[in-house]
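Visitor: I would like to learn how to read a structure one feature at a time. Could we begin with a single side chain and work outwards from there?

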Amino acid sequence: MQQQPVTETKIVMSDPTALGVFGLSMVTFVAASAKMHWTNGVTYLIPWTLFLGSIAQIWASTIDFKKNNYFGAVVLGAYGLFWISVAMHWAISLGWFGPVDPSKADPRQFGFACIGYFIFSLFIMVAAFEANKVFGAILICINILLPSLAFSIFGINPVFFGDVAAWAELAVAVLGFYCAGAVFLNSFFGRVILPLGAPMGFIRKGPAKV
């Protein structure tokens, strides 16, 4: 009897963008509450940072890698790792892993990390505007947030830059909630319910024309 060929079952994975962006929105919203002085301290920010800011985004990133969604995979993965580092920074500063020796702990290193992410986010912003306008607006706010936070940490006009960072982070959260909701509804209904704005179209994808 002739053996039937084995057919592979292809698993179709849903778009994880809404989950990843929701994770970013939640952690920035909760963190902004502290910067806006609506809440105090960072102890209870850590769970949201770990689970929403990091795990949700990294989970979405791994799905995007499998779906060959280069933009979502890299962006969500990069920011997910950022929030893990932030959570660790806060936990160490709170003494969760033992007493901190001030002579061996310089919080300004977090400021340099913000500058590094700001440089990377400038590249992301270029691509974001070629995805949709809401993504681009979120990246503009992130690129205001990161250097402002760094300047505040460095002691450069900390009151002013602290306020700028607070409003920028709140804007990231608000835009992110809209984006997550729009992606979810548009994907669920298979048509545009909430617009995200067409790509700017300044840079064409693919090889350069000769």
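Guide: We can start with Phe-161, which has a relative accessibility of 18% and therefore counts as buried, the limit for that class being under 20%. Please keep in mind throughout that this is a predicted model.

Visitor: Which ring pairs with that of Phe-161, and is the pair stacked or edge-to-face?

Guide: Aromatic pairs are judged by the distance between ring centres and by the angle between planes, with angles over 60 degrees counted as edge-to-face; by this rule the structure has 12 aromatic pairs. In one of them, the rings of Phe-151 and Phe-161 have centres 4.9 Å apart and planes at 65°, so this pair is edge-to-face. The contact joins distant parts of the chain, since Phe-151 belongs to helix H5 and Phe-161 to helix H6 (residues 158-189), with their positions 10 residues apart in numbering. Phe-151, at a relative accessible area of 29%, is partly exposed, whereas Phe-161 is buried.

Visitor: Which residues form one aromatic cluster?

Guide: Tyr-79, Phe-82, Trp-83, Phe-110 and Tyr-117 make up one such cluster.

Visitor: How should I check the length of helix H5, and what is found at its start and just after it?

Guide: The usual check sets the end-to-end distance against a rise of 1.5 Å a residue, and the 22 residues of H5 (residues 133-154) should therefore span 32 Å, which agrees with the 32 Å between the C-alpha atoms at its ends. At the start of H5, a side-chain oxygen of Asn-132 comes to within 3.1 Å of the backbone nitrogen of Val-134, and just after the helix Gly-155 adopts a positive phi of about 85°.

Visitor: What does the check give for H6, and which residue takes a positive phi just after H6?

Guide: H6 has 32 residues, and from its first C-alpha to its last it reaches 46 Å, close to the 46 Å expected at 1.5 Å a residue. Just after H6 the residue is Gly-190, with a positive phi of about 70°.

Visitor: How many salt bridges does a search of the whole structure find?

Guide: The general idea is that side chains of opposite charge can pair when their charged atoms come close. Here the search of the whole structure finds two salt bridges. In one, the side chains of Lys-35 and Glu-169 meet at 2.7 Å, N to O, and this pair links distant parts of the chain, with Lys-35 in helix H1 (residues 17-35) and Glu-169 in helix H6, 134 residues apart. Glu-169 is buried, with a relative accessible area of 2%, while Lys-35, at 22%, counts as partly exposed.

Visitor: Which side chains meet in a salt bridge at 2.8 Å, N to O, and are they buried or exposed?

Guide: Those of Asp-106 and Arg-108 meet at that distance. Neither class fits exactly: Asp-106 is partly exposed at 29% relative accessible area, and Arg-108 is partly exposed at 45%.

Visitor: Where on the surface is there a nonpolar patch, and which helix gives the largest share of it?

Guide: The patch is formed by Leu-50, Phe-51, Ile-55, Leu-81, Ile-84, Met-88, Ile-92, Leu-94, Trp-96, Phe-97 and Val-100, which together have about 1,000 Å² of accessible area. Helices H2 (46-66) and H3 (70-93) each supply at least two of the patch residues, and the largest share, four residues, comes from H3. As one member to inspect, Ile-55 lies in helix H2 and, at 44% relative accessibility, counts as partly exposed.

Technical notes:
Residues are numbered from 1 along each chain as its sequence is written. This is a predicted model: local features need pLDDT of at least 70, side-chain atom pairs count only at pLDDT 80 or more; totals for chains, interfaces and linings use all residues. Side-chain values use heavy atoms; hydrogens and water are left out. Patches are made of residues with over 30% relative accessible area and no salt bridge: like charges are joined within 9 Å, nonpolar side chains (Val, Leu, Ile, Met, Phe, Trp, Tyr) within 5 Å. Accessible areas come from the Shrake-Rupley method with a 1.4 Å probe; for residues, only the protein chains shown count as cover. A salt bridge is a side-chain nitrogen of Lys or Arg within 4 Å of a carboxyl oxygen of Asp or Glu. Buried means under 20% relative accessible area, exposed over 50%, partly exposed in between (1.4 Å probe, protein chains only). The expected span of a helix is 1.5 Å times one less than its number of residues. A polar contact is a pair of N or O atoms within 3.5 Å; within protein, one must be able to donate a hydrogen and the other to accept it, and residues adjacent in sequence count only if both atoms are side-chain atoms. Rings of Phe, Tyr and Trp (its six-membered ring) pair if their centres lie within 6.5 Å; planes under 30 degrees apart count as stacked, over 60 as edge-to-face and the rest as tilted.
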